Amino acid sequence: MTRWWWFGGAVTPAEITRELEFMREAGIRGVELQPVYPLEVDDAQRGIRNLRFFAEEFIDLLKHTVRETRRLGMQFDLTLGSGWPYGGPFVTVDRGARCLRVLSRTVSGPGTFSWDLTAQMREHEDLVAAVATPLLPSGEPDLAHSRVITNQVGPRIENQAATGLGFSKAEVSAGLWEVRVFLDAPTLMQVKRPTLGMEGYVIDHHSREAVALFLEAAGDQVISPLRSVADPPVHSVFCDSLEVYGADWTTHFLEEFQRRRGYDLVPYLPALCQEAGPLTPHLRYDYHLTMSELIVENFFQPLAGWAKARGMTSRIQAHGAFGDVMQGYAAADIPEGEDIFQGTHYSVNLKHRRLCTSATHIYQKRLASAETYTWLNMPMFTVTLEQMKAATDTMFLDGINHIVNSGYPSSPPQVGKPGWIFYAETNLNHNSIWWPHYHYLAEYVQRVQSLLTQGVAVNPVVAYVPLPDVYAKFGSGSLHMDEEIERHLGVEPFMALRRAGYDFDLINDAALAETARVEDGKLRAGDAVYSVALVMGSRWMPTESLDRFAEFARAGGLLIFVGLLPEGAPGMADQEKRTAQIQRTLAALGGGKPPAMGEMLKVGKGRVMLVADPASALSQLEALLPPDFKILAAKDGGEDTLKFAQANVGFVHRRVGAADVYFVSNVSERSLNLRARFGVGKGRPQLCDPETRQVHETPVFQPVGLPRGGEATDVSLHLDPFSACFVVFTPGGGGPLVTDTNWPGPLQLRKVGQGIAASGCIAANGRYFLVMADGKRHEFAVNNVPQPQTITGTWELEFDDGPTVSLEALGSWNDLPAGKNYSGWATYRISFDVRELDKNLEWWLDLGRVHETAEATLNGVPLGAAWKGARRLNCTQALKPGQNLLAVRVGNLWVNDFYSRPKRDLKPVAETFGVRWGTSGEFPPKTFPPSGLLGPVRLVPLRRWTEKW
């Protein structure tokens, strides 16, 4: 699926059809339409005409899109409105995003003070409260003696006329006082990147009235006319990330706070501005909890409900929310995370991926979606298909199972190439040089997703989301909870967990209280089943959450506190009573006193302990719970190679009926021969290649018993650079014929009488061994594999629609006068001789270094595409004795051409429509990536070999 940008509505029915057909042919099966800013002014001669969002012609374009996506069998999703966050011209200031603005001054008493607020107050601001707080010698406000003096704010009178608001001779008693005036203020934030006709304020996501206004104006007014074409006309409505800057208030907040929390916040408002003693964390927790409830109840749930009532589903990016992100994801039919600035090497991402995938498991959603390839590489036009493959797998390894390309810029032919582009993304459309090979990636994504959307995730570890600590730490002010959660927990403890062979989820207080249950010694929540719970650095915890963890430990689970034990319950209501309950629960877990540091305690059928740091927690975990996937050895290297493999090879485990399905990916540029242990002790594993769809029925494996009981299976794996495989275990199938070997690559094993025959290819001379199920070892030597043959001579390099040059040696075409600023395709040709061909050899064409993607023909026979990893193509059927003619077509990147041109003059667009676009990533690289075929190009022989014994 892909995000599809329409720039200024400057599309036509013919262009919509053209681009949808391009996508369909390339393997894209769905679009998410997002109208954004215009990139050109109207130009009748060139057929460019911008349309306003609500114009009848624009609605007709949407209707055409509905018809065409249905004709092509493609899914059609629609972003409500335009750009992000939600908003538009129909949003009045009072329905726009709000913030709590504070004016303050220090006064001395006893005495009176006057303060004219007129000059400091802005238009559309309303008085919330005025609070005078005595200052302690430490500088902290003394909340116990705060005075609400809102009634002393009145009109300023000059010449018998009201001129504004302020204090006039307000009284304060002895001491130093901080007087604060709290204002309900508009953020005045505008929708980012809007198309024509959708400019306006961002809505107040905490206000049910503002959300209802948006859903009627940007939702019903657009969706209703489309029902004449299809009902429902759209599969999912989409909500982009909540990048609402500075929004920390809503107009009716104080009333909602008192109704929900049971007390008046006004005297305590100063605690939202600075530390104010021991009550501060509890006041801040209550404030954030209330804001979280409001955004969940007034935005996320109504949005999902609105879509469902109209026969559609909701796909929502909840990250960025000023509240419990996981509850936002819970409201969505399809939770969506994001990949931004992540690069191509795997790293756990809590804020944009794990919160999303965890909610998917806990709240029983089938799809965990993700906006993918956003700012994958900078500067513009430096992203390769290989990088996209690696980035895709990093998403899968964090539990994502639904990739949304970010994305496809609509670009008509008359604007040329590379055409219209979106500033923040991997511009992935028909103008991309590597577009002819994109379908290989699309087909791979579809095959992987088809398995990863089946069954349930197997993540035995769950980590507590420390929202109470995050809430308690921060007062008012713009705050992305997802980012603060990741900052509080840290990423490295979870990377260590993954390297050790464990997968995990995160769980929030709401899920622990409302969804989680304890059964058969496990903590269960939705589809998720956990054996271990980690509570990392949590000072505050609701009693309901700790009670659930304690129940889990007593029933047979392993509960590990890291760094400290919770010291109390957050929030002001019954604070002492609930904190006492926390302490009683901890004491009960410790047999009369809270667990001591480093002490492992038996509690009922389970265990609980307090450890100093995440490394100690992992050590205890490894002693009690076998890893689900562990790389035991890297057969073609030592300890360094093993560590490299553990850092760059990841896994995902799903259970589909009686089958255990592991996705294993090598997100690196190195070829790896591994021995890996899978935490499943049943059945014969199958190895499935999602790129080629090949299935290897008889891999080399060995069932093993574990020291603490249970079974696992050791499997030999060969992983090419940037490659992945599925390892599938099903009951039955018999035991192994061969349990270990140093013969890399796929083997065909079969019984021959009382013996065994192994068949495969051997790439290098040397000694090889095979170990049978009974432990016997068979060794043999191979000494007749020829050396690879480097193809040398004069190459002819022909640029598409350009000159042909002769090359005595391969190198980057950037260094050639004809190729200096060239972006596109070029063909290398050379003839070479082969003396004779051994029928027992398999031949591969190794292209060496390729920048960036290539396809080859040998003697007129297509060999396929080499678009990532080891650029090798099987040429056995095409190679012949005598003279051979090789042609290699190579495509590079647009970066060379794009930055050689004068920068586009956007002044006419800016003068006509205003500056609505971003420019991040639009800077020339310090050095340009190489282009073309760098080689060396070799013929690599593999000896076909059958060994019987």
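In this predicted model, helix α8 meets helix α9 through Leu 385, Met 388, Lys 389, Thr 392, Asp 393 and Phe 396 on the α8 side, and through His 437, Tyr 438, Leu 441, Tyr 444, Val 445, Val 448, Gln 449 and Leu 452 on the α9 side. By class, this contact holds nine nonpolar, three polar and two charged residues.

Helix α8 covers residues 385-397 and helix α9 covers residues 435-452; their axes come within 10 Å and cross at roughly 10°. Angles under 35 degrees count as roughly parallel, so α8 is roughly parallel to α9.

The second largest pocket encloses about 720 Å³ of space. Its lining consists of 33 residues, and those nearest the pocket centre are Pro 460, Lys 522, Ser 531, Leu 625 and Pro 626. By class, the lining of this pocket divides into 13 nonpolar, 11 polar and nine charged residues. The strands in the table each supply at least two residues of that lining.

| Strand | Residues |
|---|---|
| β16 | 456-457 |
| β21 | 528-530 |
| β25 | 606-611 |
| β27 | 649-656 |

For the protein as a whole, the secondary structure comes to 19 helices and 51 strands. The radius of gyration is 32 Å, close to the 30 Å that the globule rule gives for 949 residues, so the protein is as compact as a globular protein of that length. The C-alpha trace spans about 110 × 80 × 50 Å along the principal axes of the protein.

Conventions:
Residues are numbered from 1 along each chain as its sequence is written. This is a predicted model: local features need pLDDT of at least 70, side-chain atom pairs count only at pLDDT 80 or more; totals for chains, interfaces and linings use all residues. Side-chain values use heavy atoms; hydrogens and water are left out. Axes are lines fitted to C-alpha atoms, for helices over the stretch in contact, and angles run from 0 to 180 degrees between N-to-C directions. Helices (H or I, at least four residues) and strands (E, at least two) are DSSP runs, numbered from the N terminus. Angles under 35 degrees count as roughly parallel, over 145 as roughly antiparallel, 65 to 115 as roughly perpendicular and the rest as oblique. Contact means heavy atoms within 4.5 Å. Ala, Val, Leu, Ile, Met, Phe, Trp, Tyr, Cys and Pro count as nonpolar, Asp, Glu, Lys and Arg as charged, and the others, Gly among them, as polar. On a 1 Å grid over the protein atoms alone, a cavity is a set of points where a 1.4 Å probe fits but cannot get out, and a pocket is an open set with protein on both sides within 12 Å along at least five of seven lines; lining residues have an atom within 4 Å of a point. Grid points are joined across faces, edges and corners, and a volume is the space filled by probe spheres set on the points. The radius of gyration is taken over C-alpha atoms; the globule rule is 2.2 Å times the number of residues to the power 0.38.
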